[in-house]
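This report reads one structure from its helices, its core and the surroundings of its ligands. The sequence and the structure are shown first.

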Amino acid sequence: MDSSCGGSPKPEPAAACPPPATACCSRGGSPDGAARTPCEHFARMIPNCLEYARAAKAQGRPIVGILCEYTPRELILAGGGVPVCLCGGSADTIPAAETQLPANLCPLIKSTFGYHLQRGNPFLEMADLIVAETTCDGKKKMYELLAETRPVYVLELPQKVDDADALVHWRAELCKFRAMLEQRWGVEIADERIREAAALMNRERALRRRLASLMAAPAPPLSGRQLLDLKSSIAGIPADFEQYETAFDLLSAKPPCAPAEPPVRVLMTGVPMVHGAERVLEIVEDSGGLVVAMENCTGLKPILDDVDLDHPDPIDALADRYFHLPCSVMTRNDRRLETLGRLAETYRPQCVIDLIWQACLTYDVESHRVRRYAEETLGIPYLRIETDYSPSDSARIAVRVEGLFETIRDAGDGAGLHDPRSVHPEAPDSVATTGPCALPPCDASGDGKSDG
Ligand code: SF4
Ligand code: SF4
């Protein structure tokens, strides 16, 4: 589940540094109006993806809607399809969804379903197939309604992640899925095609990991909100790859600057913040924080691990890689805590903020373990924020976040802010020097409403 440089332009942070000479996100664009900088490019992420999907469909490629990071995009790509994330992040479609779904349901599920009812998501409207998984109960049951009028295929995801036979079952599900695609599209999905698709996805994951690694620097050259925008609803678009490369070059060459008051480094975890649902991240950063790592499905979680290209059986390699994604629908989900530990070591947060969408029971129940892990193992404060897509509680959330940051500052905990020994190995030295330097906000220009 994944965003354009959305929202209104925000004011510069109080102690903002001068704009860099070569800005990743400089405004203006080229004289012909085309996007030239990475931020301009990803500000047009939805229109770009629409253009790409329409051209692909015109060439006969099937459009495949996906709704979860357990879906192996590689199998869809190997069969010639175009995987597009469909998760809804808009509050506007929720009233329509509530005519059929309970009000007390996760907003992500309701928003996605609302787009379906209103026929408001152009990717969903052009989808030849929608791939779903048996993850949380709300999603599973929503898919049944979706399948009344849309072509839905459900992958059965076993949930005892440490059981060997569960992995065997998941592998069998991927084999069935491959066979279904072959039969449906009249193609052969050969092992070699799967390896090629896995290499493409590994490349994309590596490029995005490298960008995220910039946040490990004591003075990250962009905000968490800006990083969240540097991705696409459709995987494997060559133009995106070029922009990831350019963004890294520009951002890693950015000159350092020293702020009057360093922001509080935040590790965010919990539910995905899909396109349009980035409000809590914005509140955190507007309140004096800097989200240096996002453990969730719109952040690092789906890009931390690659598919083993040397494995003799590419389906085994895919099954192994995807099955071990640390989502709260798994029991036990110890890998989430292990991942948080790894991220804390690399990104040196001063607190953990856990975002829970209302009625998301799995993440909600798991929040107790995450709190204990943050406080007792990582030794940093933890804040749980439960909300939905409505902005009605924004002021209350801001007060709680500001209180957390005040406590951290009062405690004089500057840990990690200026410790060059902790810089991630992939982060270039040039950004590992001093103070935060958020780039100018981007102008929103997307016209679509969802991604994943
Ligand atoms: S949080 Fe879990 S259910 Fe949601 S997209 Fe991620 S893996 Fe899928
Ligand atoms: S946020 Fe929670 S309830 Fe919502 S779709 Fe994801 S796992 Fe399900």
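A helix here is a DSSP run of H or I with at least four residues, and helices are numbered from the N terminus. In this predicted model, Phe123 lies in helix H6, which covers residues 122-126. A residue counts as buried if 20 or more other C-beta atoms lie within 10 Å of its own, and Phe123, with 25 such neighbours, is therefore buried. Leaving aside neighbours within four places in sequence, Phe123 is in contact with Ala53, Ile63, Gly65, Val84 and Leu86. The last of these, Leu86, is 37 residues away from Phe123 along the chain, yet their C-alpha atoms are separated by 7.2 Å.

Val84 leads on from Phe123 to the core, since the largest nonpolar core has 130 residues and Val84 is listed with Val266, Leu267 and Cys351 as having the most contacts inside it. The largest share of this core, seven residues, comes from helix H9, residues 191-213. Not counting residues up to four places away in sequence, Val84 touches Cys49, Ala53, Ile63, Val64, Gly65, Ile66, Phe123, Ser233 and Ile234.

Helix H8 can be checked against its expected length: at 1.5 Å a residue, the 22 residues from 164 to 185 should span 32 Å, and the end C-alpha atoms are 32 Å apart, which agrees. Which residues of H8 are buried? They are Trp170, Leu174, Phe177, Arg178 and Leu181, and because they cover an arc of only 100 degrees around the axis, they lie on the same side of H8. In an α-helix there are 3.6 residues a turn, so residues three or four places apart point the same way. The cover over the buried residues of H8 includes helix H3 (73-78), strand E4 (152-155) and helix H13 (314-323), whereas on the other side Ala164, Asp165, Val168, Ala179 and Gln183 are exposed. After H8 comes Gly186, whose phi is positive, near 65 degrees.

The shells around the two ligands are set out by residue class below.

| Shell | Nonpolar | Polar | Charged |
|---|---|---|---|
| Ligand 1 | nine residues | one residue | one residue |
| Ligand 2 | nine residues | three residues | one residue |

Around ligand 1 there are 11 residues, of which Cys68, Glu69, Thr135, Cys297 and Cys327 come nearest. Ligand 2 is surrounded by 13 residues, the closest being Cys106, Leu108, Cys136, Val271 and Cys360, and helix H5 (107-118), helix H7 (137-146) and helix H15 (361-378) each supply at least two residues of that shell.

How values were computed
Residues numbered from 1 in each chain as written. Chains lettered and ligands numbered in written order. Predicted model: local features only at pLDDT ≥ 70, side-chain atom pairs only at ≥ 80, totals over all residues. Expected span 1.5 Å × (residues − 1). Buried ≥ 20, exposed ≤ 12 C-beta atoms within 10 Å, placed from the backbone. Arc of directions from axis to C-beta. Contact = placed C-beta atoms within 7 Å. Core = buried A, V, L, I, M, F, W, Y, C linked by C-beta atoms within 7 Å. Near = placed C-beta within 6 Å. Nonpolar A, V, L, I, M, F, W, Y, C, P; charged D, E, K, R; others polar.
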